[in-house]
Amino acid sequence: MRQVGDLLTGDSPWLRRASHVLKWLAVLVACYLGGVAATNLAPTVAETSQYRAVLRLDPVPRHSPVLHAPTIVGDVDVQFASPIVAPGLDVQVAVREEITNLFTRPNVDIKALQPSPDEISSAIAQAAVGVGIRFVLGATAIAVLLALASHYIRQRTTRRHHVLFVASAMVVATAVTFGGIALTYQPGRFAEYRTSGVLGVVQRNAGLLADVEARATQVTPYFRNLLAVTQALQQKYVAGNVNEPVSARFLLVSDIHGANQYALMRTIIAGEDIDAVIDSGDLVNFGRVQEGDAAGLYRSIQSLGVPYVFTSGNHDQSSASDRAVLARLARIPNVVLLEDAAGSLREVTFHGLRITGFNDPRYFGDDNADPTAKAKPAADRYNAAVAGQPEPDLVVTHEPYAAEQVERGRLLINGHMHTPAIEGNRIQVGTFTGGGVVSHYSEGPGQELDGQPYSFDIAQFGTSCELTSLTRYSFRNLLEGRPAYDSVQVISGARIDPYRPAAPTVQQPGQDQPDPAKRICSRIDETTVRSLPLAPDDPTSSGTTTPAVPSGLSVTP
(Lines give C-alpha, C1' and ligand atoms only; values in the text may rest on other atoms or scores of the structure.)
Protein backbone atom coordinates (compact mmCIF):
# COMPACT_ATOMS: atom_id res chain seq x y z
CA MET A 1 0.00 0.00 0.00
CA ARG A 2 2.84 2.38 0.77
CA GLN A 3 4.34 1.93 -2.69
CA VAL A 4 0.97 2.78 -4.26
CA GLY A 5 0.71 5.86 -2.07
CA ASP A 6 4.22 6.94 -3.03
CA LEU A 7 3.27 6.67 -6.69
CA LEU A 8 0.17 8.78 -6.08
CA THR A 9 2.03 11.45 -4.12
CA GLY A 10 5.15 11.48 -6.32
CA ASP A 11 7.49 10.32 -3.54
CA SER A 12 8.44 7.12 -5.36
CA PRO A 13 12.23 6.69 -5.77
CA TRP A 14 11.55 5.54 -9.36
CA LEU A 15 9.69 8.73 -10.20
CA ARG A 16 12.38 10.83 -8.56
CA ARG A 17 15.05 9.09 -10.61
CA ALA A 18 12.96 9.53 -13.78
CA SER A 19 12.49 13.21 -12.98
CA HIS A 20 16.24 13.69 -12.52
CA VAL A 21 16.91 11.95 -15.84
CA LEU A 22 14.39 14.14 -17.66
CA LYS A 23 15.89 17.28 -16.11
CA TRP A 24 19.36 16.14 -17.09
CA LEU A 25 18.22 15.48 -20.65
CA ALA A 26 16.60 18.92 -20.74
CA VAL A 27 19.90 20.50 -19.67
CA LEU A 28 21.73 18.42 -22.29
CA VAL A 29 19.36 19.61 -25.03
CA ALA A 30 19.70 23.20 -23.83
CA CYS A 31 23.51 22.97 -23.95
CA TYR A 32 23.33 21.36 -27.42
CA LEU A 33 21.07 24.13 -28.75
CA GLY A 34 23.33 26.74 -27.14
CA GLY A 35 26.30 25.27 -28.97
CA VAL A 36 24.36 25.21 -32.26
CA ALA A 37 23.31 28.83 -31.72
CA ALA A 38 26.95 29.83 -31.21
CA THR A 39 27.95 28.27 -34.55
CA ASN A 40 25.21 30.29 -36.24
CA LEU A 41 25.96 33.58 -34.49
CA ALA A 42 29.69 33.28 -35.23
CA PRO A 43 29.92 30.92 -38.24
CA THR A 44 33.15 29.19 -39.22
CA VAL A 45 34.92 30.13 -42.45
CA ALA A 46 36.89 27.55 -44.44
CA GLU A 47 38.63 28.28 -47.74
CA THR A 48 40.15 26.54 -50.73
CA SER A 49 41.89 28.25 -53.64
CA GLN A 50 38.58 28.85 -55.45
CA TYR A 51 35.85 28.65 -52.81
CA ARG A 52 35.04 30.25 -49.50
CA ALA A 53 32.59 28.37 -47.28
CA VAL A 54 30.69 29.68 -44.26
CA LEU A 55 29.62 26.81 -42.00
CA ARG A 56 26.86 26.62 -39.39
CA LEU A 57 25.57 23.63 -37.45
CA ASP A 58 22.11 22.39 -38.29
CA PRO A 59 20.24 21.38 -35.09
CA VAL A 60 18.86 18.22 -36.79
CA PRO A 61 21.34 15.28 -36.93
CA ARG A 62 21.39 13.32 -40.17
CA HIS A 63 22.02 9.69 -41.02
CA SER A 64 23.59 10.49 -44.40
CA PRO A 65 25.48 13.76 -43.98
CA VAL A 66 25.73 15.75 -47.21
CA LEU A 67 27.14 19.22 -47.52
CA HIS A 68 24.86 20.90 -50.04
CA ALA A 69 25.90 24.37 -51.13
CA PRO A 70 24.39 26.47 -53.94
CA THR A 71 26.86 28.81 -55.64
CA ILE A 72 26.56 31.35 -58.43
CA VAL A 73 28.16 28.90 -60.86
CA GLY A 74 26.37 25.72 -59.82
CA ASP A 75 25.61 23.53 -56.82
CA VAL A 76 28.25 21.57 -54.93
CA ASP A 77 27.39 18.40 -52.98
CA VAL A 78 30.01 16.75 -50.80
CA GLN A 79 28.86 13.45 -49.31
CA PHE A 80 30.42 11.65 -46.33
CA ALA A 81 30.13 8.05 -45.13
CA SER A 82 29.25 8.49 -41.44
CA PRO A 83 29.65 5.61 -38.95
CA ILE A 84 27.10 7.23 -36.61
CA VAL A 85 24.30 9.77 -36.73
CA ALA A 86 26.07 13.07 -37.23
CA PRO A 87 24.81 16.63 -36.92
CA GLY A 88 24.02 18.34 -40.18
CA LEU A 89 26.06 21.20 -41.56
CA ASP A 90 24.59 24.21 -43.31
CA VAL A 91 27.20 25.49 -45.76
CA GLN A 92 27.04 28.67 -47.81
CA VAL A 93 29.69 28.59 -50.51
CA ALA A 94 30.89 31.70 -52.29
CA VAL A 95 33.19 31.77 -55.29
CA ARG A 96 36.38 33.64 -54.51
CA GLU A 97 37.71 36.39 -56.78
CA GLU A 98 40.42 34.16 -58.22
CA ILE A 99 37.89 31.92 -59.99
CA THR A 100 36.91 34.76 -62.33
CA ASN A 101 40.35 34.47 -63.93
CA LEU A 102 39.93 30.73 -64.19
CA PHE A 103 36.60 30.92 -66.00
CA THR A 104 37.92 33.24 -68.66
CA ARG A 105 41.15 31.43 -69.51
CA PRO A 106 41.32 29.98 -73.02
CA ASN A 107 41.32 26.34 -71.88
CA VAL A 108 39.24 25.77 -68.78
CA ASP A 109 40.01 22.47 -67.06
CA ILE A 110 37.37 21.09 -64.72
CA LYS A 111 40.13 19.82 -62.44
CA ALA A 112 41.11 23.41 -61.79
CA LEU A 113 37.59 24.12 -60.53
CA GLN A 114 37.53 21.18 -58.11
CA PRO A 115 39.36 21.36 -54.78
CA SER A 116 42.41 19.12 -54.56
CA PRO A 117 42.52 16.32 -51.94
CA ASP A 118 44.96 18.36 -49.85
CA GLU A 119 42.69 21.41 -50.03
CA ILE A 120 39.69 19.31 -49.00
CA SER A 121 41.65 17.86 -46.08
CA SER A 122 42.78 21.29 -44.93
CA ALA A 123 39.34 22.86 -45.31
CA ILE A 124 37.59 20.01 -43.46
CA ALA A 125 40.08 20.15 -40.59
CA GLN A 126 39.70 23.93 -40.44
CA ALA A 127 35.92 23.65 -40.42
CA ALA A 128 35.84 20.87 -37.78
CA VAL A 129 38.08 22.76 -35.37
CA GLY A 130 36.23 26.03 -35.87
CA VAL A 131 32.77 24.53 -35.45
CA GLY A 132 33.93 22.50 -32.43
CA ILE A 133 35.39 25.49 -30.60
CA ARG A 134 32.28 27.56 -31.18
CA PHE A 135 30.04 24.75 -30.06
CA VAL A 136 32.01 24.28 -26.82
CA LEU A 137 31.86 27.98 -26.06
CA GLY A 138 28.12 28.13 -26.71
CA ALA A 139 27.35 24.99 -24.67
CA THR A 140 29.54 26.22 -21.80
CA ALA A 141 27.77 29.57 -21.76
CA ILE A 142 24.38 27.86 -21.45
CA ALA A 143 25.70 25.55 -18.71
CA VAL A 144 27.00 28.51 -16.71
CA LEU A 145 23.70 30.33 -17.06
CA LEU A 146 21.76 27.26 -15.91
CA ALA A 147 24.11 26.79 -12.95
CA LEU A 148 23.68 30.42 -11.93
CA ALA A 149 19.90 30.15 -12.31
CA SER A 150 19.88 27.04 -10.11
CA HIS A 151 22.07 28.83 -7.58
CA TYR A 152 19.66 31.75 -7.20
CA ILE A 153 16.52 29.60 -7.37
CA ARG A 154 17.85 27.58 -4.48
CA GLN A 155 18.50 30.82 -2.56
CA ARG A 156 22.24 30.76 -3.15
CA THR A 157 22.72 27.29 -1.74
CA THR A 158 24.51 25.51 -4.56
CA ARG A 159 25.79 22.03 -3.82
CA ARG A 160 28.51 20.20 -5.62
CA HIS A 161 26.17 17.65 -7.14
CA HIS A 162 24.11 20.47 -8.72
CA VAL A 163 27.20 21.75 -10.51
CA LEU A 164 28.16 18.24 -11.57
CA PHE A 165 24.60 17.70 -12.77
CA VAL A 166 24.81 20.64 -15.22
CA ALA A 167 28.46 20.10 -16.12
CA SER A 168 27.94 16.45 -17.01
CA ALA A 169 25.08 17.31 -19.38
CA MET A 170 27.23 19.95 -21.05
CA VAL A 171 30.20 17.59 -21.40
CA VAL A 172 28.07 14.81 -22.88
CA ALA A 173 26.37 17.21 -25.34
CA THR A 174 29.75 18.52 -26.44
CA ALA A 175 31.41 15.10 -26.62
CA VAL A 176 28.60 13.52 -28.66
CA THR A 177 28.34 16.45 -31.06
CA PHE A 178 32.06 16.94 -31.53
CA GLY A 179 32.56 13.19 -31.75
CA GLY A 180 30.00 13.01 -34.53
CA ILE A 181 31.72 15.85 -36.39
CA ALA A 182 35.20 14.38 -35.87
CA LEU A 183 34.17 10.90 -36.98
CA THR A 184 32.19 12.10 -40.00
CA TYR A 185 33.69 15.23 -41.53
CA GLN A 186 37.22 14.05 -42.14
CA PRO A 187 39.15 13.16 -45.31
CA GLY A 188 38.86 9.42 -44.73
CA ARG A 189 35.06 9.64 -44.72
CA PHE A 190 34.84 11.67 -47.94
CA ALA A 191 32.65 9.69 -50.32
CA GLU A 192 31.65 11.79 -53.32
CA TYR A 193 31.94 15.25 -54.85
CA ARG A 194 29.14 16.29 -57.22
CA THR A 195 28.51 19.46 -59.17
CA SER A 196 25.57 20.86 -61.12
CA GLY A 197 24.71 24.01 -63.06
CA VAL A 198 27.62 25.54 -64.96
CA LEU A 199 30.12 23.45 -63.00
CA GLY A 200 28.26 20.32 -64.04
CA VAL A 201 28.06 21.50 -67.64
CA VAL A 202 31.81 22.04 -67.76
CA GLN A 203 32.43 18.67 -66.13
CA ARG A 204 30.34 16.81 -68.69
CA ASN A 205 31.51 18.90 -71.64
CA ALA A 206 35.17 19.52 -70.97
CA GLY A 207 35.85 21.25 -74.31
CA LEU A 208 32.73 23.40 -74.36
CA LEU A 209 34.30 26.56 -72.95
CA ALA A 210 37.67 26.13 -74.65
CA ASP A 211 38.72 29.37 -76.33
CA VAL A 212 35.46 31.29 -76.60
CA GLU A 213 37.13 33.97 -78.69
CA ALA A 214 38.30 31.42 -81.27
CA ARG A 215 34.80 29.96 -81.53
CA ALA A 216 33.38 33.41 -82.12
CA THR A 217 35.88 33.90 -84.96
CA GLN A 218 34.95 30.57 -86.52
CA VAL A 219 31.27 31.48 -86.89
CA THR A 220 31.84 34.86 -88.55
CA PRO A 221 31.21 33.42 -92.07
CA TYR A 222 27.74 32.47 -90.86
CA PHE A 223 27.20 36.05 -89.78
CA ARG A 224 28.41 37.48 -93.05
CA ASN A 225 25.87 35.35 -94.90
CA LEU A 226 23.08 36.29 -92.50
CA LEU A 227 23.85 40.01 -92.83
CA ALA A 228 24.01 39.79 -96.62
CA VAL A 229 20.65 38.05 -96.83
CA THR A 230 19.11 40.59 -94.45
CA GLN A 231 20.39 43.52 -96.49
CA ALA A 232 18.97 41.98 -99.65
CA LEU A 233 15.57 41.46 -98.01
CA GLN A 234 15.55 45.02 -96.70
CA GLN A 235 16.38 46.40 -100.11
CA LYS A 236 13.59 44.37 -101.69
CA TYR A 237 10.81 44.73 -99.14
CA VAL A 238 11.55 47.76 -96.92
CA ALA A 239 10.90 50.68 -99.20
CA GLY A 240 12.94 53.82 -98.76
CA ASN A 241 15.18 52.38 -96.03
CA VAL A 242 18.49 51.14 -97.40
CA ASN A 243 19.11 53.77 -100.06
CA GLU A 244 18.08 56.83 -98.03
CA PRO A 245 20.86 59.13 -96.77
CA VAL A 246 22.11 58.05 -93.35
CA SER A 247 23.56 60.23 -90.62
CA ALA A 248 24.48 57.43 -88.20
CA ARG A 249 24.21 53.67 -87.78
CA PHE A 250 24.59 52.43 -84.21
CA LEU A 251 25.12 48.84 -83.10
CA LEU A 252 23.17 48.40 -79.85
CA VAL A 253 24.53 45.66 -77.58
CA SER A 254 24.24 44.73 -73.92
CA ASP A 255 25.11 42.12 -71.31
CA ILE A 256 28.42 40.83 -72.68
CA HIS A 257 29.03 39.09 -69.32
CA GLY A 258 32.69 38.33 -69.82
CA ALA A 259 32.39 36.44 -73.12
CA ASN A 260 34.87 37.63 -75.74
CA GLN A 261 32.77 37.45 -78.88
CA TYR A 262 34.06 40.71 -80.32
CA ALA A 263 35.11 38.91 -83.48
CA LEU A 264 31.38 38.78 -84.29
CA MET A 265 31.05 42.44 -83.42
CA ARG A 266 33.88 43.35 -85.79
CA THR A 267 32.11 41.42 -88.54
CA ILE A 268 28.87 43.31 -87.92
CA ILE A 269 30.65 46.68 -87.82
CA ALA A 270 32.36 46.01 -91.14
CA GLY A 271 29.37 44.43 -92.87
CA GLU A 272 26.77 46.94 -91.70
CA ASP A 273 28.83 50.14 -91.96
CA ILE A 274 28.44 50.83 -88.23
CA ASP A 275 29.53 54.27 -86.98
CA ALA A 276 29.60 53.50 -83.23
CA VAL A 277 28.71 50.80 -80.71
CA ILE A 278 26.42 51.59 -77.77
CA ASP A 279 26.76 49.12 -74.88
CA SER A 280 24.23 49.40 -72.05
CA GLY A 281 26.27 47.49 -69.49
CA ASP A 282 27.15 44.22 -67.74
CA LEU A 283 30.46 43.87 -69.54
CA VAL A 284 31.75 41.39 -66.90
CA ASN A 285 30.16 39.02 -64.38
CA PHE A 286 31.68 39.67 -60.97
CA GLY A 287 32.59 43.35 -61.12
CA ARG A 288 36.31 42.62 -61.36
CA VAL A 289 38.81 44.23 -63.73
CA GLN A 290 40.82 40.98 -63.79
CA GLU A 291 37.96 39.15 -65.51
CA GLY A 292 38.00 41.52 -68.47
CA ASP A 293 41.80 41.37 -68.70
CA ALA A 294 41.85 37.57 -68.61
CA ALA A 295 39.18 37.33 -71.31
CA GLY A 296 40.84 39.94 -73.52
CA LEU A 297 37.75 42.18 -73.50
CA TYR A 298 39.59 45.50 -73.30
CA ARG A 299 41.99 44.56 -76.09
CA SER A 300 39.06 43.48 -78.28
CA ILE A 301 37.08 46.67 -77.63
CA GLN A 302 40.07 48.74 -78.71
CA SER A 303 40.33 46.69 -81.91
CA LEU A 304 36.80 47.57 -83.08
CA GLY A 305 37.92 50.75 -84.84
CA VAL A 306 34.79 52.76 -83.91
CA PRO A 307 33.72 54.66 -80.76
CA TYR A 308 32.39 52.41 -77.97
CA VAL A 309 29.79 54.28 -75.90
CA PHE A 310 29.26 52.66 -72.48
CA THR A 311 27.23 52.80 -69.29
CA SER A 312 27.87 50.30 -66.50
CA GLY A 313 25.48 47.58 -65.34
CA ASN A 314 24.93 45.92 -61.99
CA HIS A 315 27.61 43.30 -62.74
CA ASP A 316 30.28 45.90 -63.54
CA GLN A 317 31.06 46.81 -59.93
CA SER A 318 31.66 44.65 -56.86
CA SER A 319 30.29 47.17 -54.35
CA ALA A 320 28.31 50.40 -54.29
CA SER A 321 31.52 52.47 -54.44
CA ASP A 322 33.60 50.28 -56.78
CA ARG A 323 34.46 51.97 -60.10
CA ALA A 324 37.52 49.92 -61.10
CA VAL A 325 36.02 48.54 -64.33
CA LEU A 326 35.02 52.05 -65.43
CA ALA A 327 38.51 53.35 -64.67
CA ARG A 328 40.01 50.54 -66.74
CA LEU A 329 37.65 51.26 -69.67
CA ALA A 330 38.58 54.95 -69.53
CA ARG A 331 42.11 53.98 -70.53
CA ILE A 332 40.90 52.54 -73.87
CA PRO A 333 41.23 55.20 -76.61
CA ASN A 334 37.91 54.56 -78.37
CA VAL A 335 35.72 54.17 -75.24
CA VAL A 336 33.27 56.97 -74.34
CA LEU A 337 31.87 56.75 -70.80
CA LEU A 338 28.53 58.53 -70.44
CA GLU A 339 29.20 58.64 -66.70
CA ASP A 340 32.84 58.33 -65.71
CA ALA A 341 34.42 56.78 -62.62
CA ALA A 342 34.29 60.13 -60.81
CA GLY A 343 30.53 60.44 -61.39
CA SER A 344 30.68 63.13 -64.08
CA LEU A 345 27.76 62.87 -66.51
CA ARG A 346 28.67 63.55 -70.14
CA GLU A 347 26.87 64.32 -73.37
CA VAL A 348 28.27 62.95 -76.62
CA THR A 349 27.24 64.82 -79.75
CA PHE A 350 27.81 62.20 -82.42
CA HIS A 351 27.05 63.05 -86.07
CA GLY A 352 24.63 65.68 -84.76
CA LEU A 353 22.80 63.31 -82.36
CA ARG A 354 22.92 64.02 -78.62
CA ILE A 355 23.67 60.89 -76.51
CA THR A 356 23.59 60.84 -72.69
CA GLY A 357 23.15 58.24 -69.98
CA PHE A 358 24.06 57.16 -66.46
CA ASN A 359 25.48 54.14 -64.67
CA ASP A 360 23.61 51.50 -62.70
CA PRO A 361 23.89 52.20 -58.94
CA ARG A 362 23.54 48.50 -58.16
CA TYR A 363 26.43 46.02 -57.99
CA PHE A 364 27.28 42.31 -58.12
CA GLY A 365 26.05 40.72 -54.88
CA ASP A 366 23.26 43.25 -54.41
CA ASP A 367 20.19 41.76 -52.70
CA ASN A 368 18.05 42.51 -55.79
CA ALA A 369 15.29 43.96 -53.62
CA ASP A 370 13.19 46.83 -55.06
CA PRO A 371 15.44 47.78 -58.02
CA THR A 372 13.07 50.64 -58.94
CA ALA A 373 13.71 52.39 -55.62
CA LYS A 374 17.45 51.76 -55.89
CA ALA A 375 17.53 53.32 -59.36
CA LYS A 376 15.66 56.46 -58.29
CA PRO A 377 18.59 58.49 -56.83
CA ALA A 378 20.66 57.94 -59.98
CA ALA A 379 17.70 58.78 -62.24
CA ASP A 380 16.85 61.89 -60.20
CA ARG A 381 20.47 63.05 -60.40
CA TYR A 382 20.47 62.57 -64.17
CA ASN A 383 17.10 64.31 -64.60
CA ALA A 384 18.37 67.31 -62.66
CA ALA A 385 21.51 67.50 -64.84
CA VAL A 386 19.61 67.56 -68.16
CA ALA A 387 16.69 69.69 -66.98
CA GLY A 388 18.04 72.88 -68.58
CA GLN A 389 19.73 71.21 -71.54
CA PRO A 390 18.48 70.39 -75.05
CA GLU A 391 16.54 67.15 -75.06
CA PRO A 392 18.86 64.13 -75.56
CA ASP A 393 18.21 62.02 -78.63
CA LEU A 394 19.37 58.81 -76.93
CA VAL A 395 19.50 58.08 -73.19
CA VAL A 396 21.41 54.92 -72.27
CA THR A 397 21.19 53.11 -68.95
CA HIS A 398 21.33 49.49 -67.89
CA GLU A 399 18.07 48.53 -66.18
CA PRO A 400 14.54 49.17 -67.44
CA TYR A 401 13.59 50.37 -63.94
CA ALA A 402 16.06 53.24 -64.40
CA ALA A 403 15.11 54.01 -68.00
CA GLU A 404 11.43 54.27 -67.06
CA GLN A 405 12.29 57.10 -64.60
CA VAL A 406 14.01 59.28 -67.22
CA GLU A 407 11.98 62.45 -67.71
CA ARG A 408 13.51 63.84 -70.92
CA GLY A 409 14.80 61.79 -73.83
CA ARG A 410 13.60 60.89 -77.32
CA LEU A 411 14.78 57.29 -77.24
CA LEU A 412 15.59 55.26 -74.13
CA ILE A 413 17.98 52.32 -74.39
CA ASN A 414 18.49 49.64 -71.73
CA GLY A 415 19.57 46.01 -71.33
CA HIS A 416 19.67 43.84 -68.18
CA MET A 417 16.73 41.55 -68.93
CA HIS A 418 18.56 39.43 -71.58
CA THR A 419 15.39 39.70 -73.67
CA PRO A 420 14.82 42.21 -76.48
CA ALA A 421 11.65 44.30 -76.23
CA ILE A 422 10.15 47.62 -77.29
CA GLU A 423 7.79 49.65 -75.11
CA GLY A 424 6.88 53.02 -76.58
CA ASN A 425 10.13 54.90 -77.11
CA ARG A 426 12.15 52.48 -74.90
CA ILE A 427 14.36 49.99 -76.73
CA GLN A 428 15.37 47.04 -74.57
CA VAL A 429 18.44 45.33 -76.02
CA GLY A 430 18.96 41.59 -75.55
CA THR A 431 22.22 39.95 -74.54
CA PHE A 432 24.87 39.98 -77.28
CA THR A 433 26.60 36.84 -75.97
CA GLY A 434 23.64 34.76 -74.83
CA GLY A 435 24.33 35.76 -71.21
CA GLY A 436 28.06 34.97 -71.29
CA VAL A 437 29.79 31.73 -70.39
CA VAL A 438 28.69 31.72 -66.73
CA SER A 439 24.94 32.25 -67.06
CA HIS A 440 24.46 31.09 -70.66
CA TYR A 441 23.51 27.48 -70.12
CA SER A 442 20.60 25.78 -68.43
CA GLU A 443 19.84 22.09 -68.30
CA GLY A 444 16.54 21.09 -69.80
CA PRO A 445 14.80 17.72 -70.15
CA GLY A 446 17.23 14.93 -70.90
CA GLN A 447 20.17 17.07 -69.69
CA GLU A 448 20.39 18.87 -73.03
CA LEU A 449 22.18 22.21 -73.13
CA ASP A 450 19.85 25.12 -73.80
CA GLY A 451 21.63 28.42 -74.40
CA GLN A 452 20.02 31.79 -73.95
CA PRO A 453 19.28 33.56 -77.24
CA TYR A 454 21.79 36.03 -78.64
CA SER A 455 20.52 39.40 -79.78
CA PHE A 456 21.63 42.80 -81.04
CA ASP A 457 20.01 45.80 -82.73
CA ILE A 458 21.09 48.21 -85.46
CA ALA A 459 19.58 51.68 -85.18
CA GLN A 460 19.72 53.85 -88.31
CA PHE A 461 19.18 57.61 -88.26
CA GLY A 462 18.38 59.87 -91.20
CA THR A 463 19.76 63.27 -92.11
CA SER A 464 16.89 65.01 -90.28
CA CYS A 465 18.12 63.28 -87.07
CA GLU A 466 15.11 60.94 -87.05
CA LEU A 467 15.25 57.19 -86.38
CA THR A 468 14.49 55.65 -89.75
CA SER A 469 14.66 51.96 -88.79
CA LEU A 470 15.60 49.49 -86.06
CA THR A 471 16.81 46.10 -87.29
CA ARG A 472 16.68 43.40 -84.60
CA TYR A 473 18.65 40.14 -84.90
CA SER A 474 18.07 37.07 -82.75
CA PHE A 475 19.92 33.73 -82.99
CA ARG A 476 21.23 30.91 -80.78
CA ASN A 477 23.67 28.00 -80.32
CA LEU A 478 26.81 29.84 -81.37
CA LEU A 479 29.21 28.34 -78.80
CA GLU A 480 27.74 24.88 -79.23
CA GLY A 481 28.83 24.99 -82.88
CA ARG A 482 25.25 24.84 -84.20
CA PRO A 483 24.39 28.48 -85.03
CA ALA A 484 20.68 28.77 -85.69
CA TYR A 485 18.81 31.82 -87.01
CA ASP A 486 15.77 32.84 -84.97
CA SER A 487 14.55 36.03 -86.55
CA VAL A 488 15.47 39.30 -88.20
CA GLN A 489 12.93 42.04 -87.61
CA VAL A 490 12.97 45.43 -89.32
CA ILE A 491 10.89 48.01 -87.45
CA SER A 492 9.99 51.40 -88.83
CA GLY A 493 11.56 54.19 -86.80
CA ALA A 494 8.27 56.09 -86.82
CA ARG A 495 6.78 53.39 -84.56
CA ILE A 496 9.38 54.08 -81.87
CA ASP A 497 10.70 57.59 -82.28
CA PRO A 498 8.36 60.41 -81.11
CA TYR A 499 10.56 62.93 -82.94
CA ARG A 500 9.16 64.38 -86.14
CA PRO A 501 11.47 66.49 -88.32
CA ALA A 502 10.28 70.02 -88.88
CA ALA A 503 8.61 70.58 -92.22
CA PRO A 504 10.77 72.44 -94.75
CA THR A 505 10.02 76.13 -95.10
CA VAL A 506 10.35 78.47 -98.08
CA GLN A 507 13.56 80.52 -98.00
CA GLN A 508 12.64 84.19 -97.63
CA PRO A 509 14.43 86.78 -99.79
CA GLY A 510 17.61 87.93 -98.09
CA GLN A 511 17.54 85.06 -95.55
CA ASP A 512 21.05 83.62 -95.26
CA GLN A 513 20.53 81.16 -92.41
CA PRO A 514 18.48 77.92 -92.69
CA ASP A 515 15.34 77.46 -90.62
CA PRO A 516 16.60 76.90 -87.02
CA ALA A 517 13.65 74.61 -86.30
CA LYS A 518 14.89 72.06 -88.82
CA ARG A 519 17.74 69.92 -87.45
CA ILE A 520 20.28 68.40 -89.78
CA CYS A 521 22.47 65.44 -88.85
CA SER A 522 25.38 64.24 -90.96
CA ARG A 523 28.28 61.84 -90.79
CA ILE A 524 30.62 64.76 -91.39
CA ASP A 525 29.41 66.60 -88.26
CA GLU A 526 32.07 67.11 -85.62
CA THR A 527 31.74 64.75 -82.67
CA THR A 528 32.21 66.27 -79.22
CA VAL A 529 32.07 65.22 -75.57
CA ARG A 530 31.13 67.63 -72.80
CA SER A 531 30.38 67.33 -69.10
CA LEU A 532 26.81 68.09 -68.06
CA PRO A 533 26.36 70.66 -65.29
CA LEU A 534 25.43 69.02 -61.99
CA ALA A 535 23.24 70.36 -59.22
CA PRO A 536 25.14 72.57 -56.72
CA ASP A 537 24.47 70.09 -53.89
CA ASP A 538 25.81 67.12 -55.90
CA PRO A 539 29.02 65.87 -54.21
CA THR A 540 30.73 65.46 -57.61
CA SER A 541 29.89 68.97 -58.85
CA SER A 542 32.79 70.79 -57.18
CA GLY A 543 35.84 71.54 -59.29
CA THR A 544 36.38 71.24 -63.02
CA THR A 545 36.27 67.88 -64.77
CA THR A 546 37.95 67.31 -68.10
CA PRO A 547 36.27 64.42 -69.90
CA ALA A 548 38.34 61.53 -71.19
CA VAL A 549 37.82 61.71 -74.94
CA PRO A 550 38.47 59.03 -77.55
CA SER A 551 41.04 59.67 -80.24
CA GLY A 552 39.80 62.03 -82.92
CA LEU A 553 37.01 63.57 -80.82
CA SER A 554 37.02 67.09 -79.43
CA VAL A 555 35.99 68.50 -76.06
CA THR A 556 33.38 71.21 -75.65
CA PRO A 557 33.41 72.99 -72.27
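Is Leu148 buried, partly exposed or exposed, and what is its relative accessible area? Select Leu148 in this predicted model, and you will be looking at a residue of helix α5, which spans residues 117-153. Leu148 counts as partly exposed because its relative accessible area is 44%, a value that falls between the 20% and 50% limits. Now add Val144, Leu145 and Tyr152 to the selection: together with Leu148 they form a nonpolar patch on the surface, with about 410 Å² of accessible area in total.

**The whole chain**

Zoom out and colour by secondary structure, and the chain resolves into 16 helices and 23 strands. Of its 557 residues, 49% count as buried, while the chain exposes about 25600 Å², of which carbon and sulfur atoms supply 57%. Among the contacts with a separation of 6 or more, 70% are between residues 24 or more positions apart.

Colouring by pLDDT is a useful next step, given that the chain averages 76 and that 64% of the residues score at least 70. Over residues 100-110 the pLDDT stays under 50, and the model has 30 contacts for this stretch beyond four places in sequence. Residues 443-449 also have a pLDDT below 50, with 11 contacts in the model beyond near neighbours in sequence.

**Helix α2**

Select residues 13-41 to bring up helix α2, whose 29 residues reach 42 Å from the first C-alpha to the last, close to the 42 Å expected at 1.5 Å a residue. To see which parts of α2 are covered, highlight its buried residues, namely Val27, Leu28, Cys31, Tyr32, Gly34, Gly35, Val36, Ala38 and Thr39.

**Salt bridges**

The whole structure holds 17 salt bridges, and a few of them are worth visiting in turn. Begin with Arg249 and Glu272, whose side chains meet in a salt bridge at 3.1 Å, N to O. Arg249 belongs to strand β7 (residues 248-253) and Glu272 to helix α10 (residues 262-272), so this pair ties together parts that are 23 residues apart in sequence. Both Arg249 and Glu272 are buried.

Before leaving this site, select the rest of α10, which is mostly covered, with 8 of its 11 residues buried; among them are Tyr262, Leu264, Met265 and Ile269. Just after α10 comes Asp273, which takes a positive phi of about 55 degrees.

Move next to Glu347 and Arg530, which form a salt bridge with their closest N and O atoms 2.9 Å apart. Here the partners lie in two strands, Glu347 in β11 (residues 346-350) and Arg530 in β22 (residues 528-531), so the pair ties together parts that are 183 residues apart in sequence. Both Glu347 and Arg530 are buried.

For a pair within one helix, select Asp380 and Lys376, a salt bridge in which the closest N and O atoms are 2.6 Å apart. Both residues sit in helix α14 (residues 371-386), and because they are 4 residues apart, they are separated by about one helical turn. Asp380 is partly exposed at 34% relative accessibility, and Lys376 is partly exposed at 43%. Then select Arg362, Asp366, Asp367, Lys374 and Glu399, which are joined into one network by salt bridges that share partners.

**Positive phi in the loops**

Most residues other than glycine have a negative phi. With that in mind, go to Asp370, in the loop between β12 (353-357) and α14, where phi is near 50 degrees, a positive value in a residue other than glycine. Asp370 is partly exposed, with a relative accessible area of 49%. His416 also has a positive phi, of about 80 degrees, although it is not a glycine; this residue is found in the loop between β14 (411-414) and β15. His416 counts as buried because its relative accessibility is 18%, under the 20% limit.

**Last stop: Asn425**

Finish at Asn425, in the loop between β15 (421-423) and β16 (426-428), which counts as partly exposed at 22% relative accessibility. Which residues does Asn425 touch, not counting those up to four places away in sequence? Selecting its contacts brings up Gly409, Arg410, Leu411, Leu412, Ile496 and Pro498. Of these, Arg410 is 15 residues from Asn425 in sequence, and the two are 6.9 Å apart in space, C-alpha to C-alpha.

Notes:
Residues are numbered from 1 along each chain as its sequence is written. Side-chain values use heavy atoms; hydrogens and water are left out. Patches are made of residues with over 30% relative accessible area and no salt bridge: like charges are joined within 9 Å, nonpolar side chains (Val, Leu, Ile, Met, Phe, Trp, Tyr) within 5 Å. Accessible areas come from the Shrake-Rupley method with a 1.4 Å probe; for residues, only the protein chains shown count as cover. A salt bridge is a side-chain nitrogen of Lys or Arg within 4 Å of a carboxyl oxygen of Asp or Glu. Buried means under 20% relative accessible area, exposed over 50%, partly exposed in between (1.4 Å probe, protein chains only). pLDDT is the predictor's confidence in each residue, from 0 to 100. Contact means heavy atoms within 4.5 Å. The expected span of a helix is 1.5 Å times one less than its number of residues.
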